[in-house]
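Here are my notes on this model, as numbered points. Please read them with the structure open.

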Amino acid sequence: AIIPLQNVQSVAWVQRPWERRAALASLLVDAAGEDYTGGIPRLPYLPLAQAEELLRRLARACAERPFAW
């Protein structure tokens with residue numbers, strides 16, 4: 001799903017036990033209007049370094065955008 005950056009409310013990465021053993025992680029993007037996208041968008045099975053980098057980039061981009069009600 002394509003999510004407009006202004007709809008992103010939070011980003012996180014999670015590791016299930018088998019993902020941890022394989023040095024993988026899933027990136028979760030919590031967005032406004034997720035009911036219309038079928039739930040929380042997930043980028044599964046990313047290499048851990050890539051998941052951490054994407055998390056940093058998304059968090060930085062969200063923090064830098066102007067807040068609007």
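Which residue in β2 is the bridge partner of V14? The partner is S26. The points below start from the whole model and return to this pairing.

1. **Status of the model.** This is a predicted model. Please read every value below as computed from that model.

2. **Overall make-up.** The protein has two helices and three strands. Starting at the N terminus, the order of elements is β-α-β-β-α. The protein has 69 residues, and 23% of them count as buried. Its accessible surface is about 5000 Å². Carbon and sulfur atoms account for 58% of that surface.

3. **Contacts along the chain.** Take the contacts between residues at least 6 apart in sequence. Of these, 40% join residues at least 24 apart. One pair to look up is A22 and L48, which are 26 residues apart in sequence. Their C-alpha atoms are 9.1 Å apart in space. That is a C-alpha distance, so do not read it as a contact: contact here means heavy atoms within 4.5 Å.

4. **The sheet.** The three strands make an open sheet, ordered β1-β2-β3, with antiparallel pairing. β1 (8-14) and β3 (42-47) are the edge strands. Each has a single partner strand, so one side of each has no neighbour in the sheet. From one strand to the next, the twist averages 20°.

5. **Pairing of β1 with β2.** β1 and β2 run antiparallel and are joined by six bridges. The pair from the opening question, V14 and S26, belongs here.

6. **Pairing of β2 with β3.** Strand β2 covers residues 24-31 and is joined to β3 by four bridges. These two strands also run antiparallel. L27 has L43 as its bridge partner in β3. L24 stands opposite P47, again in β3.

7. **Burial of β2.** How many of the eight residues of β2 are buried? Seven are, so the strand is largely enclosed by the rest of the structure.

8. **D30.** This residue lies in strand β2. Its relative accessibility is 24%. Buried means under 20% and exposed means over 50%, so D30 counts as partly exposed. Leaving out residues up to four places away in sequence, D30 touches N7, V8, Q9, S10 and I40. D30 and A12 are 18 residues apart in sequence, with their C-alpha atoms 8.4 Å apart.

9. **Helix α2: placement and length.** Helix α2 (residues 48-64) lies across β1, β2 and β3. It runs at about 135° to β3. Does its length agree or disagree with the expected span? At 1.5 Å a residue, the 17 residues of α2 should span 24 Å. The end C-alpha atoms are 24 Å apart, which agrees.

10. **Helix α2: its two sides.** Which residues of α2 are buried? They are A51, L55 and C62. These buried residues cover an arc of only 40° around the axis, which puts them on the same side of α2. They pack against β1, β2 and β3. On the other side of α2, A49, R57 and E64 are exposed.

11. **The loop before β2.** A22 lies in the loop between α1 and β2. Its relative accessibility is 43%, so it counts as partly exposed. A23 lies in the loop between α1 (17-21) and β2 too. A23 is at 41% relative accessibility and so counts as partly exposed. Phi of A23 is near 60°, a positive value in a residue other than glycine. Please look at the backbone there.

12. **Y45.** Where is Y45 found? It is in strand β3. Phi of Y45 is near 60°, again a positive value in a residue other than glycine. At 47% relative accessibility, Y45 counts as partly exposed. β3 stands at an edge of the sheet.

13. **Summary.** The open sheet has the order β1-β2-β3. β2 is largely enclosed by the rest of the structure. Helix α2 lies across the three strands, and its buried residues pack against them. Backbone points to check are A23 and Y45.

Terms used
Residues numbered from 1 in each chain as written. Predicted model: local features only at pLDDT ≥ 70, side-chain atom pairs only at ≥ 80, totals over all residues. Heavy atoms only, no water. Buried < 20%, exposed > 50% of the residue type's maximum accessible area, 1.4 Å probe, protein only. Areas by Shrake-Rupley, 256 points an atom, 1.4 Å probe, with all protein chains shown as cover. Pairing = 2+ DSSP bridges. Axes fitted to C-alpha atoms, helices over the stretch in contact; angles between N-to-C directions. Expected span 1.5 Å × (residues − 1). Arc of directions from axis to C-beta.
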